[in-house]
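Visitor: I'm new to this one. Could you show me how to read it, a feature at a time?

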There are 2 protein chains.
Amino acid sequence: MLMKHVVMNCRLPLLSCANNCMLLASSSVFRRQKFFIRSLGGSIDYHKTGKMQSVEVDAENIIRIITPALDQSRHKGQAGKIAVIGGCREYTGAPYFAAISALKIGADLSHVFCTKDAAPVIKSYSPELIVHPVLEESYSVREEDKKIIASKVLGEVDKWLERFDCLVVGPGLGRDPFLLDCVSEIIRHARKSNIPIVIDGDGLFLVTNHLELVSGYALAVLTPNVNEYKRLVQKVLSSEVNNDDATQQVLSLAKQIGGVTILRKGKSDLISDGDTVKSVSIYGSPRRCGGQGDILSGSVAVFLSWARQHIEAADLDSNPAVIGSIAGSAMMRKAASLAFSNKKRSTVTGDIIECLGKSLEDICPAGSCSL
Amino acid sequence: MLMKHVVMNCRLPLLSCANNCMLLASSSVFRRQKFFIRSLGGSIDYHKTGKMQSVEVDAENIIRIITPALDQSRHKGQAGKIAVIGGCREYTGAPYFAAISALKIGADLSHVFCTKDAAPVIKSYSPELIVHPVLEESYSVREEDKKIIASKVLGEVDKWLERFDCLVVGPGLGRDPFLLDCVSEIIRHARKSNIPIVIDGDGLFLVTNHLELVSGYALAVLTPNVNEYKRLVQKVLSSEVNNDDATQQVLSLAKQIGGVTILRKGKSDLISDGDTVKSVSIYGSPRRCGGQGDILSGSVAVFLSWARQHIEAADLDSNPAVIGSIAGSAMMRKAASLAFSNKKRSTVTGDIIECLGKSLEDICPAGSCSL
């Protein structure tokens, strides 16, 4: 199921209806749809050299459109339930950053599925997260027990899977082969249930070597940094990174993996699902402290969930993975910029997370956003 | 022992006493009693459709009346000793939120009884709490040891039980069958000792399946959210939730469980002990991040203790479970509203806890409250 990201048909409620409310609602839907299309910009542009150029989107408008209204009658979970698959003996910061970012942007619940060693540490960072100590690494599993343990791990995750609006796979996952086998199975199950998946960090290491895990899955977003992108390009396109024709290359890459969305992080973030290429260049920070990619993955997860809700409610024909990537990228860049203006060279990832709330409020005040 | 929540008789000290101080004290008690009754509003109202309607109470006045005076001569413990039964390998945030909220509202001591895995993590959130690693889950207990271990767990809790003014059972308890069996026994012991019990989260899962644990116990408060309420209604009334006649339904539910108090959380909180239905609609926030229910349970526990002290001291004939629920609900809603006005969409549970102190101070300044 590959969704197109351009609004092809505006299936409006009957405009001939005499009811004023309906008419008003319809025109409001229509206006919002037009606004949505305008914010996304046109199709791919071409430079006078003939090279393909990405289209800079109005990312702040997109955030305003997809961020759900806050309403006293809503209940827990309706603003999003996110799960991060990551965290092992070695890495605990990354899954925390991704999961807490999701909450601070406005998700209602944020879970982490990690190894038994990592869990108490991640829990201790914040009581706000629900941390499940279910993953296992090879060092704690005997060869003959692997099958049973793998099935137990999967059972533990499966109990929860259907509840989530989006998974983030990879922050602090590590590269233990047994653990990665289990995570491959989790990805397969999530895909069967049509749960969107944002893949970053060691999750990208996994899928670069097992492209079939995500190939053709329109609800997958890969968020590679410079090195991860290089490995993906080498593996998928059997070539080197071409910065002179970056737009064409990211488009080919996304198309080659069957229409997954690629969010290539850089000075400008490039986003493609193989059909078009959008860029987000607003804000940003020159500080490159580790952990910012984790914020981005949590941010994309929340906005992807909201974009999906919005697209379904407004009956649009857009790709929520692209819309979520655009919004997630802009949110991260704005928060990084705010944090840098306060903390300069000493900015660390936690400072950026603390700026997520104000960044969203600046773009889309809590009292004014609407579905 | 089903206590009535409407003041039936104002057993005042002898007004004929010539002593001026006594007279003054008596008229002050009398005034306070009148004030108390007025704050609680009348009985159940009926809408013109004939449907029962809850009575909106003056919750802030109730808070002012029951919050004990602060006095240099009082000693540790007199403002309340609360214990939370909850916290397991999977959940550690919820019991922390409930226990720290009790302290931040003004209880003197806040304990947590949790599993051995959960204890170090909960301890790490705050040195303010007393955390007992005494509960056990099935995975750490051999079948043949279960009886001995259960009796040991109960012994550990029993050592403390009589000291507490209120228990909160359920935040982050999990659903392990062996653990829930032990907790059932703890509830039975607490009930024998007339210790009030607030039941939330997985505690509600337990009592919904074992109604006899709370049935007929007037000092029990159940605090269900949307889904927990649905399960309770299905189990107890063998019907579905009826939002058109919510007042009648919560009244029937509370009556059917023998006069326990139900605090149904929602846009307006509905509170019933089977005799009348009160509502609290002031303040509140549209943010639905997980953990707010835990604050509420800790808040109700403190106010229930204070209401009980007040009712005994003033010789009133009110139901402390209803009074505590009203005050706890209003306190939570005010803190959530304050936090939201600061943090908007990025509000998390910890932000609300940080607003408990100011919320209580706004309603009832520390220098002015009196018993």
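Guide: Sure, and keep in mind that this is a predicted model. Let's start with one residue: Ser297(B) has 0% relative accessibility, so it counts as buried, the cut-off being under 20%.

Visitor: Where does Ser297(B) sit in chain B?

Guide: Look for helix H10 of chain B, residues 292-313; Ser297(B) is in that helix.

Visitor: And which residues does Ser297(B) touch?

Guide: Leaving aside residues up to four places away in sequence, Ser297(B) touches Ala98(B), Val168(B), Pro171(B), Val198(B) and Asp200(B).

Visitor: Now the two chains. How many residues from each chain does the contact take?

Guide: Chain A brings 35 residues to the contact and chain B brings 28 residues. Between them, about 2,600 Å² is buried, with carbon and sulfur atoms giving 56% of that area. On the chain B side, look at Glu90(B), Arg288(B) and Arg345(B): they supply 30% of the area that chain B buries against chain A, more than any other three residues.

Visitor: How many salt bridges are there across the interface?

Guide: The rule finds one. Asp108(A) pairs with Arg287(B), and their closest N and O atoms are 3.2 Å apart. As for polar contacts, 14 residue pairs are counted between chain B and chain A, both residues at pLDDT 80 or more.

Visitor: Which helices of chain B help make the side that touches chain A?

Guide: Helix H3 (93-105), helix H4 (118-125) and helix H12 (349-354) each supply at least two residues of that side. Sorted by class, the side of chain B that touches chain A has eleven nonpolar, ten polar and seven charged residues.

Note on methods
Residues numbered from 1 in each chain as written. Chains lettered and ligands numbered in written order. Predicted model: local features only at pLDDT ≥ 70, side-chain atom pairs only at ≥ 80, totals over all residues. Heavy atoms only, no water. Helix = DSSP H or I, 4+ residues; strand = E, 2+ residues; numbered from the N terminus. Buried < 20%, exposed > 50% of the residue type's maximum accessible area, 1.4 Å probe, protein only. Contact = heavy atoms within 4.5 Å. Buried area = accessible area lost by both parts, 1.4 Å probe. Salt bridge = Lys/Arg side-chain N within 4 Å of Asp/Glu carboxyl O. Polar contact = N/O pair within 3.5 Å; in protein donor to acceptor, adjacent residues only side chain to side chain. Nonpolar A, V, L, I, M, F, W, Y, C, P; charged D, E, K, R; others polar.
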